[in-house]
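Visitor: Could you take me closely through one part of this structure, the place where two neighbouring domains meet? I would like a careful, connected account.

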Amino acid sequence: MKKHQPPSRYLFAGGLFLLCLLTSLASFSGTQEKYWVTFKDKNGSVFNPEAYFDARTILQRKQLNIAIADSTDFPVSGNYLSLIEKTGAKLSWSSRWLNGVAVIASPEQKENIRKLPCVLDVEQMSLNATISEVKPKTPEKENIDLLRFQTSRMQGDLFKKEKLDGTGIRIAVFDAGFPGVDKSPVFKKLRDEKKIVATYDFVSKKEFVYGHHWHGCATLSCIAGIADSLNMGLATGAEFLLARTEYALREPASEEEYWLAAAEWADQHGANIISSSLGYTNKRYFSNEMNGRKSLVARAATIAAQKGILVVNAAGNEGQEDWHIIDTPADADSVLAIGGVDPERDLHIYFSSYGPSSDGKMKPNLCASGKAVVAGKKGLKTSFGTSFSTPLVAGFAACAWQSHREWTNMDLFAELQKSGHLYPYFDYVHGYGIPQASYFLDKNKTVDPTFDFVIVNNEIKVILREKYSYTADENAMGYSARRNLFYKVEDQFGRMVSYNVLLAEEKEVLHFLAEDFREGDAITVHFEGYTSSLDFPKLDIPDDPIQK
Amino acid sequence: MNSRAGKLSAIVVLFFMMTSLHAQTVLLHVDRATDSIPSKHGQNMPRYIYPFIKLGWVLGPDEKGARISYGNSIDFAFGIKKKYKVGSIYSFGWEAQLDYQVFKMVQDSGKIVPNPIQNKTERLDFSALRIGFFNRFNLDPDRGNTLGTFVDIGVSGEWNYTVRNIIKNDLLNGSKVSSAIKNQPYYTDLNAYGELRFGLGRLAFYGTYRFTDLFRPRFNFPELPRLIAGFELSLGN
């Protein structure tokens with residue numbers, strides 16, 4: 001009788017497998033999740049606004065006719081936080097605006113917290129943030145034409161000529177780190193003039209923010225960087241609050257809570273504008289929840305707007321991804337959501353997320369170059385993303401606000417939209433277009449019609465006026481405004497059915513058949529600053545030669 | 001080109017045909033009816049359909065004439081399963097897997113299966129495609145975005161697409177010879193199993209019991225053990 005074979009190979013393989021399983025089991029059994037705990041009230045909380053707020057905040061609230069302090073400014077009840085701690089859960093950042101606190105808790109601890117009489121709700125909140133930067137397939141060298149274009153497309157020279165550089169405006173920049181801002185020559189003016197008034201790292205809970213991911217360095221440069229005397233952004237005279245609110249790209253577990261805490265910190269320190277190139281998508285939310293009311297950051301951004309702050313946030317880079325639509329907090333009604341434009345084509349850049357919000361709000365609101373020359377850890381580089389469109393517009397907004405300090409943040413919001421190069425035309429990738437400085441400096445500017453609707457029998461044509469007809473030279477590629485014709489079709493309920501951009505190559509630029517439309521439909525066309533609509537009931541006019 | 005880009009290209013072509021008699025360059029066309037369909041799936045989707053691997057050991061009692069080497073007789077499988085949620089406690093689902101069972105045969109004097117010849121080593125390898133149905137009872141209805149703690153009770157059927165009798169021997173001249181004998185008449189093509197799983201997140205402990213015989217009755221072979229137990233690891237996020 002032969003002996004049994006030693007169980008060598010299979011047992012070894014089994015041992016390895018078991019090791020994997022035990023590792024997995026260990027990670028499962030030790031699971032602690034992060035939850036957002038909302039309290040019912042702020043019982044016992046006391047608050048002294050003069051001690052808490054920067055003098056700027058109080059002044060700003062007085063100017064905007066906002067109460068110096070209301071219940072949302074009171075801190076979370078210390079007694080309630082103690083009760084949470086007694087369950088064994090670990091406290092993280094709390095929010096006075098949302099009257100809650102982030103906690104790290106086991107399932108049992110979570111249930112104990114839920115049973116506390118002071119607790120209104122407990123929500124799970126593990127999610128990832130997306131830094132709205134796209135890595136190009138091939139790195140591009142520094143590009144002077146692009147550097148000029150990223151501000152000149154917004155007519156930045158007009159602001160400069162009027163000495164509007166954001167002076168007197170305080171901008172809070174939320175990002176994943178600001179390495180190099182303390183050393184790079186791009187930020188020498190900021191340092192020399194002591195324009196960086198406060199910094200805080202909400203991830204590591206310390207003031208030093210000049211480390212970690214370079215992304216914040218890049219976004220800040222698109223607001224206030226100066227490279228060889230060329231402005232990289234428009235608000236070179238503004239003051240700054242720098243907040244590190246996210247881990248680097250390689251660390252996926254960053255949370256909304258840092259954004260919340262930073263928003264309250266920015267309010268405390270008198271911020272006028274928040275520029276955030278961060279967004280949250282499918283790690284926690286469904287796309288139908290991008291309604292500006294669901295996510296914690298959207299709710300916080302809305303409160304920030306109520307406190308008088310203009311919140312500017314990236315629309316996101318999900319245009320080619322399954323998610324496809326804007327992220328949050330760009331979905332919030334009071335947040336200026338910024339899409340990206342391809343500078344070579346002067347229209348939607350392929351990755352920029354699509355609107356509207358899930359409840360139909362027009363998003364994005366504006367757009368700017370989605371490709372920019374930015375400050376990196378080592379000198380300048382070309383980068384892609386709505387991350388960079390956002391600070392470009394934030395810098396623009398600072399200059400616009402400087403020109404009309406009597407405006408509230410929401411006045412400014414509305415005026416910025418009106419300054420869009422497409423306004424009153426909008427669609428769901430450009431919003432109202434790229435903001436134009438001339439709007440703020442010459443309000444009496446009029447626009448001549450550039451095209452006509454021509455209706456003959458069953459045909460509808462859009463004919464360019466002679467002065468605006470196409471010439472080949474004008475349509476050359478490069479970093480310059482191009483002769484793009486925008487048009488959209490809306491149904492009888494005002495819902496956008498389709499939107500389009502054509503290159504205006506011929507005088508008769510559009511040609512439709514009436515039977516393709518239904519009564520109540522409308523076509524709106526925008527070309528060279530002029531917008532006009534055609535409502536389809538008007539087709540009853542027989543052989544009408546021209547209708548403007 | 002991804003599917004979205006492909007769809008967009010098709011729309012652009014269609015757009016040309018429908019709306020314009022002129023050769024205009026379309027730079028952007030978004031038809032909201034087709035381009036704005038919201039996703040119906042969230043981040044919990046990987047807990048509804050996911051691949052898995054499993055490894056088990058033959059545990060059931062062997063019979064005289066078909067003694068096996070325990071520890072060396074294993075069950076390895078990989079496959080995919082899909083769950084349909086009925087409520088927070090009950091779900092059901094299906095699974096498909098490629099299963100590989102190895103029975104290491106003890107070479108003793110009473111050996112019958114698959115023949116009385118004693119070799120240096122011998123094993124019977126069953127390669128099968130197995131399709132199953134399971135009922136899942138979750139023990140933590142408030143589990144959130146995890147597989148949670150669950151008990152699965154299911155049945156499955158398999159088709160043995162290959163059965164190999166692999167024997168190894170040393171020859172007198174010192175060389176070694178290994179032979180794989182296939183297409184033998186003694187095994188059955190189809191088998192049925194019952195399965196019980198206890199899951200803790202990605203990890204599950206499973207036990208299967210084979211209801212049917214591996215060998216055709218006319219050969220009068222003693223049966224190989226019916227019980228297998230082991231671990232299953234889900235490979236979803």
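Guide: In this predicted model, chain A is divided into domain 1, covering residues 33-124, domain 2, made of the two segments 129-280 and 289-441, and domain 3, covering 451-540. The part to look at closely is where domain 1 of chain A touches domain 2 of chain A. Taken over C-alpha atoms, the centres of domain 1 and domain 2 of chain A are separated by 28 Å, and the contact between them draws 19 residues from domain 1 of chain A and 20 residues from domain 2 of chain A. On the domain 1 side, the elements of chain A that give two or more residues are strand S1 (33-39), helix H3 (55-63) and strand S2 (90-95); of the residues on that side, the largest share, 4 residues, comes from H3(A). By character, the residues on the domain 1 side that touches domain 2 of chain A divide into 9 nonpolar, 5 polar and 5 charged.

To set this contact within the whole chain, the secondary structure of chain A comes to 14 helices and 25 strands, and 49% of the 548 residues of chain A count as buried. Among the contacts in chain A with a separation of 6 or more, 75% are between residues 24 or more positions apart.

As for confidence in the complex, the predictor gives an ipTM of 0.72 and a pTM of 0.72. Chain B averages a pLDDT of 85, with 82% of the residues scoring at least 70, although over residues 9-22 of chain B the pLDDT is below 50, and this stretch has 17 contacts in the model beyond near neighbours in sequence.

How values were computed
Residues are numbered from 1 along each chain as its sequence is written. Chains are lettered from A and ligands numbered from 1 in the order in which they are written. This is a predicted model: local features need pLDDT of at least 70, side-chain atom pairs count only at pLDDT 80 or more; totals for chains, interfaces and linings use all residues. A residue is buried if 20 or more other C-beta atoms lie within 10 Å of its own, exposed if 12 or fewer, and partly exposed in between; C-beta atoms are placed from the backbone. Two residues are in contact if their C-beta atoms, placed from the backbone, lie within 7 Å. pLDDT is the predictor's confidence in each residue, from 0 to 100. Domain bounds come from an automatic or database domain assignment. Ala, Val, Leu, Ile, Met, Phe, Trp, Tyr, Cys and Pro count as nonpolar, Asp, Glu, Lys and Arg as charged, and the others, Gly among them, as polar.
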